[in-house]
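Subject: Handover of a structure, with notes

Dear colleague,

I am passing a structure on to you, and below it you will find my notes on what was found. Please look through the structure first and then read on.

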Amino acid sequence: MDNMKAKPSFNSRRDFLKKLGLSSLPILLPGIGSAEDYSDNLFKRDNNKLINLVYDGLAYEPNDYIQKLQEINKSSSISADVYGTGGATQKLEEKLAELTGKEKAIYLPTGTMANQLAIKMLNAENTKVIVPENSHIYRDETDSAQSVHGKRLVPVQNNKAYYTAEELDETIQNIHQNEVFKSGIGTVVIENPVRRANGTAVPLATIQEIAAYCKSNAYKMHLDAARIHYAEAYQGVSLKEYAAPFDTVYISLYKYLNANGGAILCGDAELIDRMHHQIKILGGTMYQSWTNTAMALHYLDGITDRFKKLADTSKEIVKALNQLDEINISSIDNGTNIYELAFNSNIDIGHFVNELDNKHNIWLRPPNEDGQIRLSFNESILFRPADEIVGSIKSVLRA
């Protein structure tokens, strides 16, 4: 399927609440009174049994988060950092530097700051940064590059999930040919997997072709790898392979490592060492960050094997559900953990969602404008046997 022309879907917590609207939600989900109730509903249940097909991660309720940290601490005592030095934070930095094959890593409070400081420092005195048109950096970071760092983002616009080396060159040649007063291009950005393309992974061969082009033109490269372990699991490419061509790599701590927030930026030691000052002047230095990094460090341990099992289990569930006449679940070319659920018969979708929630503790996002539901598979599907999950969905459909 054409990834950029896929049916509209709710790409984040913010997005699905905005797109759905307060007024339409009670109609779709008669058992829930408002959008706020719906958004909070996930955080009022037993997360050890919830099958959450909404988020990339487990979305801990505060009490569960505290209990999980206590469980981690009981198993292996959590050590605190001080301004990012030592403790769980340093251990996480070292681990992700190792996994990405980079010399060093640093904790930042947000992914936006990680992305923005990476392109600022890589770009040096150059003014322009090439980005995917559908990227988080271009669409969701409130013009930070221009407003704060004096960098101009130039999008590769191709109406596709990702761009190729040829399309990158076309964009750059267009700049050279149509700007009288030249200013430098310093950095090229890739996002992988692509959130706005339903988690499409950029093929490794495409990345390598772009990297060869950038090397021949002395451009630096930054990877927004917020959800990279899903690409690793579903595409069979290691994190180190994905990261190898890039000067800097950002990984989110809350997307699926289940921390309350935070980000890790990996790169050469010389560049990472200069980040401390940049973080400080932007107000991002934290006295302690161990409550985030201890959680992320815990879920990072063994993630490759767990996510491989997650990917295999999700495919098993999808295959079994596609044997049913009432629904059809479609995958995405070069896809990761996101699938689209469509209904082949006259199903009361609101009732279907509510029954799964209330009777089987399986949580779905609301349908989009075309009556489709986006399924985001995460580790919660490993909480119960796959055939039990399939049986629950089947029983509600048949009822």
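Over which residues does pLDDT, the predictor's confidence in each residue from 0 to 100, stay under 50? That stretch is residues 1–40, for which the model has 84 contacts beyond four places in sequence, a contact being heavy atoms within 4.5 Å. The protein chain as a whole averages a pLDDT of 90, and 88% of the residues score at least 70.

This is a predicted model, in which local features need pLDDT of at least 70 and side-chain atom pairs count only at pLDDT 80 or more, while totals for chains, interfaces and linings use all residues. Residues are numbered from 1 along each chain as its sequence is written, and side-chain values use heavy atoms, with hydrogens and water left out.

Helices (H or I, at least four residues) and strands (E, at least two) are DSSP runs numbered from the N terminus. Helix 9 covers residues 165–178, and its 14 residues should span 20 Å at 1.5 Å a residue (the expected span being 1.5 Å times one less than the number of residues), which agrees with end C-alpha atoms that are 20 Å apart. Among its buried residues are Leu168, Ile172 and Ile175, where buried means under 20% relative accessible area, exposed over 50% and partly exposed in between, with a 1.4 Å probe and protein chains only. The cover over the buried residues of helix 9 includes strand 3 (128–132), strand 4 (152–156), strand 5 (185–191) and helix 10 (204–216).

Further along, three strands form an open antiparallel sheet in the order 9-10-12, where two strands pair if DSSP finds at least two bridges between them. Strand 9 (327–330) and strand 12 (373–376) are the edge strands, each pairing on one side only. Four bridges join strand 9 to strand 10 (residues 338–343), and Ile329 has Leu341 of strand 10 as its bridge partner.

His360 lies in helix 16 (residues 349–360) and counts as partly exposed because its relative accessibility is 21%. Not counting residues up to four places away in sequence, His360 touches Glu355, Arg384, Ser392, Ser395 and Val396. From His360 to Ile393 there are 33 residues in sequence, and the two are 8.5 Å apart in space, C-alpha to C-alpha.

With kind regards
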